[in-house]
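Please read this report with the structure open beside it, and turn back to the picture whenever a residue is named.

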There are 2 protein chains.
Amino acid sequence: MAKKKPLILVTNDDGITAPGIRALIEVMNTLGDVCVVAPDSPQSGMGHAITINDTLYCDTVKVREKEPQQEYSSSGTPVDCVKLAVNEILKRKPDLCVSGVNHGSNSSINVIYSGTMSAAVEAGTLGIPSIGFSLLDYSLEADFEPTKKFIKTIAEETLKNGLPKGVVLNVNIPKLPASKLKGIKVCRQANAHWEEQFDKRVNPLGREYYWLTGEFVNEDKGEDTDEWALANGFVSVVPVQFDLTAHHAIQDLNTWKLS
Amino acid sequence: MAKKKPLILVTNDDGITAPGIRALIEVMNTLGDVCVVAPDSPQSGMGHAITINDTLYCDTVKVREKEPQQEYSSSGTPVDCVKLAVNEILKRKPDLCVSGVNHGSNSSINVIYSGTMSAAVEAGTLGIPSIGFSLLDYSLEADFEPTKKFIKTIAEETLKNGLPKGVVLNVNIPKLPASKLKGIKVCRQANAHWEEQFDKRVNPLGREYYWLTGEFVNEDKGEDTDEWALANGFVSVVPVQFDLTAHHAIQDLNTWKLS
């Protein structure tokens, strides 16, 4: 008797027509029954934003003919898409949620700004094994072919093994041809931050405004980090948790004079 | 010789005119030199969103006469406000960043959706001791008087002791009169999640849309959690980290067939 096919929810933050999500859908269609619920427009940098003061639209769409998956396009954020999928659209809880493939890195501290990873984290809070995938190439013409083999392996292993409770995966893939990709490394998040430089301009009405631009500063020389792996030709896999408690700090804080 | 006064950055996610931030400013003015950089409109549920595809405005404002602090109102998210303050407005790195007082809870899993906490986390990534404060009362008429004593104590202790590297504080305060508030408890984040119920409606043009509504589900019976503390009349203080690596899961993942 054939095993029941896994139900796979696909979302992203670059919008439902982005090349990255199309590549991800292609791989997922080889692994299970796919349902896509993704934003109707780019939502990069949305973090874990949700829509609470506005209406949400969610309509069925067909982006490419002859593909088997169901697809829904929503006015909401990536996190809204996951909530809509799980609570409104899908008949049962999916066996896997994948988000991406993001156009650009979500390694290191970028995880906290990332709509791609927030969608995966949201699914994680609902008890669904989840993975965010990102390619280190912002271009809309990025080549996703070399990523597919790695995406498939990591998704298959996740379906097979499950994930520890409270953990989702953050996968980043270097911008390299297939022949140069050395393999997969399980890593920790590098300790890094952004230093912004605001580009100050004046609008036609004479009012000052800014563009946010910044420089990524990695203070972490560890060879067990995602930044090291990516710089050295490896796909990085970081297990990410959404219990944000700094348990190691509790003892310290209990010595404070708080009464 | 008088000690130099600490420089304190104040922000929030309910907008610069919200009663919660006015209460926070009042307390901070008793502790140091205050600079306010806050959103010009409510940004609840924005999580760690940043403005990367749009312009940012940031103008000096005077919300109340006769108050000593500098104030800036920005079109950006809470995280944008922190970036603008630190990189564009302030002459030196602040000694403390406080965000809030939020109108509504940011306990447990709410930390990942919260613009209030994301502002504090952003400042934390820049090496600034930071605290997010929230009162468990969504009303614009909420009474912030009972919160002030606790805010002052926690801010003073943070200025005195500093915070461990990579840690910021998430402070939640029950909606209780001063006489019923029992004290402060250092806690861990309760293990909880949201179960959404979407309210489906039809707009005047006949198109379906949704409102996000949900129910908070706490699966965690621990008496060391923020939910327990709040339900029992205590102010909860959770140390929050932005290294999201689930270090305990790395060993497990290294047994997977990833090559």
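The report below treats the pairing of the chains, then the salt bridges, and then the cysteines.

**How the two chains meet**

The model is a predicted one, and every value given here was computed from it. Where chain A and chain B come together, 79 residues of chain A are in contact with 79 residues of chain B. The size of an interface is often given as the accessible area lost when the parts come together. For chain A and chain B this buried area is about 7,200 Å², and carbon and sulfur atoms give 63% of that area.

The two chains can be laid on one another: a rotation of 180°, with 0.0 Å of shift along its axis, superposes chain A on chain B with an RMSD of 0.0 Å. The two copies are therefore related as by a two-fold rotation axis. The same surface serves both copies, since 100% of the contact residues of chain A recur in chain B.

Polar contacts also link the chains, with 26 residue pairs counted between chain A and chain B, both residues being at pLDDT 80 or more. Sorted by class, the side of chain A that touches chain B has 40 nonpolar, 22 polar and 17 charged residues.

**Salt bridges**

Over all chains the count comes to 30 salt bridges, and between chain A and chain B the count is four. The table lists some examples, including pairs that join the two chains and a pair within chain A.

| Residue pair | Closest N to O distance |
|---|---|
| B:D59 and A:R207 | 2.6 Å |
| A:E196 and B:K83 | 2.4 Å |
| A:D95 and A:R92 | 3.0 Å |

How exposed are the partners A:D95 and A:R92? With a relative accessibility of 29%, A:D95 counts as partly exposed, and A:R92, at 32%, counts as partly exposed as well.

**Cysteines without disulfides**

How many disulfides does the structure hold over all chains? The count is zero, and A:C58 offers an example that can be followed in detail. The cysteine sulfur closest to that of A:C58 belongs to A:C81 and is 6.9 Å away, which is too far for a bond, because a disulfide needs the two sulfur atoms to be within 2.5 Å.

Is A:C58 buried or exposed? With a relative accessible area of 10%, A:C58 is buried, because the cut-off for buried is under 20%. In chain B, the cysteine B:C187 has a relative accessibility of 1% and likewise counts as buried.

Conventions
Residues are numbered from 1 along each chain as its sequence is written. Chains are lettered from A and ligands numbered from 1 in the order in which they are written. This is a predicted model: local features need pLDDT of at least 70, side-chain atom pairs count only at pLDDT 80 or more; totals for chains, interfaces and linings use all residues. Side-chain values use heavy atoms; hydrogens and water are left out. Contact means heavy atoms within 4.5 Å. Buried area is the accessible area (1.4 Å probe) that two parts lose on being put together, summed over both. A salt bridge is a side-chain nitrogen of Lys or Arg within 4 Å of a carboxyl oxygen of Asp or Glu. A polar contact is a pair of N or O atoms within 3.5 Å; within protein, one must be able to donate a hydrogen and the other to accept it, and residues adjacent in sequence count only if both atoms are side-chain atoms. Ala, Val, Leu, Ile, Met, Phe, Trp, Tyr, Cys and Pro count as nonpolar, Asp, Glu, Lys and Arg as charged, and the others, Gly among them, as polar. Copies are superposed by least squares on the C-alpha atoms of residues with pLDDT of at least 70 in both. Buried means under 20% relative accessible area, exposed over 50%, partly exposed in between (1.4 Å probe, protein chains only).
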